[in-house]
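Please look over the structure below before reading on. The report then moves from a single loop residue to sheets, core and unusual backbone geometry.

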Amino acid sequence: MPQSRRQFLATGAAAIAATALPRAAGAATVDFVLEAKERPIQLPGCSGPTQAWTYGETWPLALRVKRHQPLTIEFRNGLKEHSTIHWHGLRIPHAMDGVPWITQDPVKPGGNFIYAFAPPDPGLFFFHPHCDDVTALSRGLAGVIIVEDPREEGLFDREELLVLMDWRVKEDGSYDTITTDKTAARAGTFGRLRTTNGKLSPVYQVRPGTRLRLRCINVDSSRIPLLDLAGATGQVIATDGNACEPFPLAAWPLGPAMRADIALMVPDQPGASFELHDVWQSTPVVLARFEVAGEPMPMAGRDRPLALPPAELPEPDLANAVKVELDLGAGLPDPAVLEFQKLFGADEICTTQRVFWSLNTKAWPGMSATGKPEPLGLMQSGTTYVVEMFNGTPHRHPMHLHGHTFKVIGSSKGEQPVRWGDTVLVEPKERLQIAFVGGEPGEWMVHCHIIEHQETGMMGYYRVA
Ligand code: C2O
Ligand code: CU
């Protein structure tokens, strides 16, 4: 194995953010190797190990790269089923989007695939397979990718990555039920064990007066925490990794796949503490705890604004936008898709035959080699679209669009911060508008990121020409 072709290994929980390996000249160079495989991990409070599916030796795994850095990432499939890697939120070429049968052939067990792209936007993103996701994601098969921007250098004294996930495990560490018809048809199946970076309410020591950035990501498939701080005040400075006009953090919902960067000034009193909470239930759940200790940070530079340089994304031309409707509804199976599913075995499809959800009344319960439904709509590269989503169901849906970063521009539920995103939570009976400029030609998935909803029908795609 050539020297430059190194296995990516994260080194312990404290070092979950890894540095990109330097690129040597030559085509065989890879910056990272991600090998999806079953590996035992020890979850807090469990008497035995959990057979997690991970991309590296530790969980969570975070890659740290530079904006516009050309990356070559080798995916090796050490699972017993086919897989791919989808780079959630990264506006990268269609052929790199990691959707089986749409952008590439699935990678067979023992096979590999080279992903090559240069991340165009700074921020917090993640990656996961796009097949059999109810199983894969509930076993932890996801990783984080942080894209650094030189414009952000020195803006914060410290940052912490907080990866939120519930594990559907029993006390002995073995898996509990990961899906049932009843829960897939409602809010999704919830895990018993709520973790942050694989721990129970981890504690961080922070120096008084620290300009702190919390990069929060929800990699769970069902839970929607309402983020809030107790003992300090924070601002949301980025949504789904993209800088926004800062707004006060107050019960901010973070649906599956969503990210929020929170900025705050650590209180100046040693001995003080503050916590990041999920305030969804009347008794808040402590997601992380911060204890103020040590030497205060120097006074100089403390008054710089706690904000990021503005996002640099294609600005929608709202005056000339084309309006598109997207109806989130209950599902009726498309007879053609179900017919196809009866004909082929598990190698050709990754889906359940259960159908509970739909988009524009069409249900697409999983990916398959052929038998793909018609697109939800045709779009032109460079044209602005306003997609109005209407949630006619009694459940919430975090809706994700591939390959595009959209602006959330309005909601029937009242004022919301205007912000960029790739996944947006649509509340029951809400009408919500997103706007974006049609991107690279290709078929771009749109689906709910409550993975049981996705895999039981709430999935489709736009065809951009
Ligand atoms: Cu993170 Cu198509 O999903
Ligand atoms: Cu949903």
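## A loop residue to start

Where does Gln104 lie? Gln104 sits in the loop that runs between strand S6 (86–88) and strand S7 (112–117). This placement, like everything below, comes from a predicted model.

Is Gln104 buried, exposed or partly exposed? Gln104 has 18 other C-beta atoms within 10 Å. Being buried takes 20 or more, and being exposed takes 12 or fewer. Gln104 therefore counts as partly exposed. Beyond four places in sequence, Gln104 is in contact with Thr84, Ala95, Gly98 and Phe113. Pro398 is 294 residues away from Gln104 along the chain, and their C-alpha atoms are separated by 25 Å.

## Confidence

The chain has a mean pLDDT of 90. Of its residues, 89% reach 70 or more. The scores are ipTM 0.98 and pTM 0.91.

Residues 1–27 are another matter. Their pLDDT stays under 50. The model has 46 contacts beyond four places in sequence for this stretch. Where pLDDT is low, predicted coordinates should not be read in detail.

## Annotated spans

The UniProt record, an unreviewed entry, carries the annotation "domain: Plastocyanin-like" for residues 46–151 and 374–464. In the model, residues 46–151 are 6% helix and 36% strand. The end C-alpha atoms of that span lie 43 Å apart. Residues 374–464 are 4% helix and 54% strand. Here the end C-alpha atoms lie 13 Å apart.

## The six-stranded sheet

An open sheet of 6 strands follows the order S11-S10-S13-S18-S15-S16, with mixed pairing. Its edges are strand S11 (193–196) and S16, each pairing on one side only. Neighbouring strands are turned by 25° against each other on average, direction ignored. Strand S10 (residues 158–167) and strand S13 (residues 211–218) run parallel and share 7 bridges. Within that pair, Leu162 has Cys216 of S13 as its bridge partner.

Strand S15 (residues 235–239) is mostly covered, with 4 of its 5 residues buried. S15 pairs antiparallel with strand S18 (residues 259–265) through 4 bridges. Thr239 stands opposite Ala260 of S18. S15 also pairs antiparallel with strand S16 (residues 242–248), again through 4 bridges. There, Ala238 faces Ala243 of S16. The hairpin of S15 and S16 has 2 residues between the strands, and Asp240 takes a positive phi near 50° in it.

## The nonpolar core

Which residues touch the most other members of the largest nonpolar core? They are Val144, Ile145 and Cys216, in a core of 113 residues. In soluble globular proteins, nonpolar side chains tend to be buried together.

Cys216 links this core to the sheet just described: Cys216 is the bridge partner of Leu162. Leu162 is also one of the contacts of Cys216 beyond four places in sequence. The others are Leu164, Leu227, Leu254, Arg259, Ala260 and Ile262. Among these, Ala260 is the residue of S18 that stands opposite Thr239.

## The five-stranded sheet

A second open sheet has 5 strands in the order S25-S33-S32-S27-S30, and its pairing is mixed. Strand S25 (377–379) and strand S30 (423–426) are the edge strands; each pairs on one side only. The twist averages 25° from one strand to the next.

At one edge, S25 runs parallel to strand S33 (residues 459–464), joined by 3 bridges. Gly377 has Tyr462 of S33 as its bridge partner.

## Backbone exceptions

Most residues other than glycine have a negative phi, and most peptide bonds are trans. A few sites here depart from that pattern.

The peptide bond between Trp59 and Pro60 is cis, with omega about -5°. Pro60 lies in the loop between strand S3 (50–54) and strand S4 (62–66).

Ala251 is not a glycine, yet has a positive phi of about 45°. Its loop lies between S16 and strand S17 (252–253). Ala251 counts as exposed because 12 C-beta neighbours lie inside 10 Å. Lys429, also not a glycine, has a positive phi of about 65°. Lys429 belongs to the loop between S30 and strand S31 (431–437). With 12 other C-beta atoms within 10 Å, Lys429 is exposed.

Note on methods
Residues are numbered from 1 along each chain as its sequence is written. Chains are lettered from A and ligands numbered from 1 in the order in which they are written. This is a predicted model: local features need pLDDT of at least 70, side-chain atom pairs count only at pLDDT 80 or more; totals for chains, interfaces and linings use all residues. Two strands pair if DSSP finds at least two bridges between them. Axes are lines fitted to C-alpha atoms, for helices over the stretch in contact, and angles run from 0 to 180 degrees between N-to-C directions. A nonpolar core is a set of buried Ala, Val, Leu, Ile, Met, Phe, Trp, Tyr and Cys residues joined through C-beta atoms within 7 Å. Two residues are in contact if their C-beta atoms, placed from the backbone, lie within 7 Å. pLDDT is the predictor's confidence in each residue, from 0 to 100. UniProt positions are given in the numbering used here, feature names are shortened, and annotations may be inferred rather than shown by experiment.
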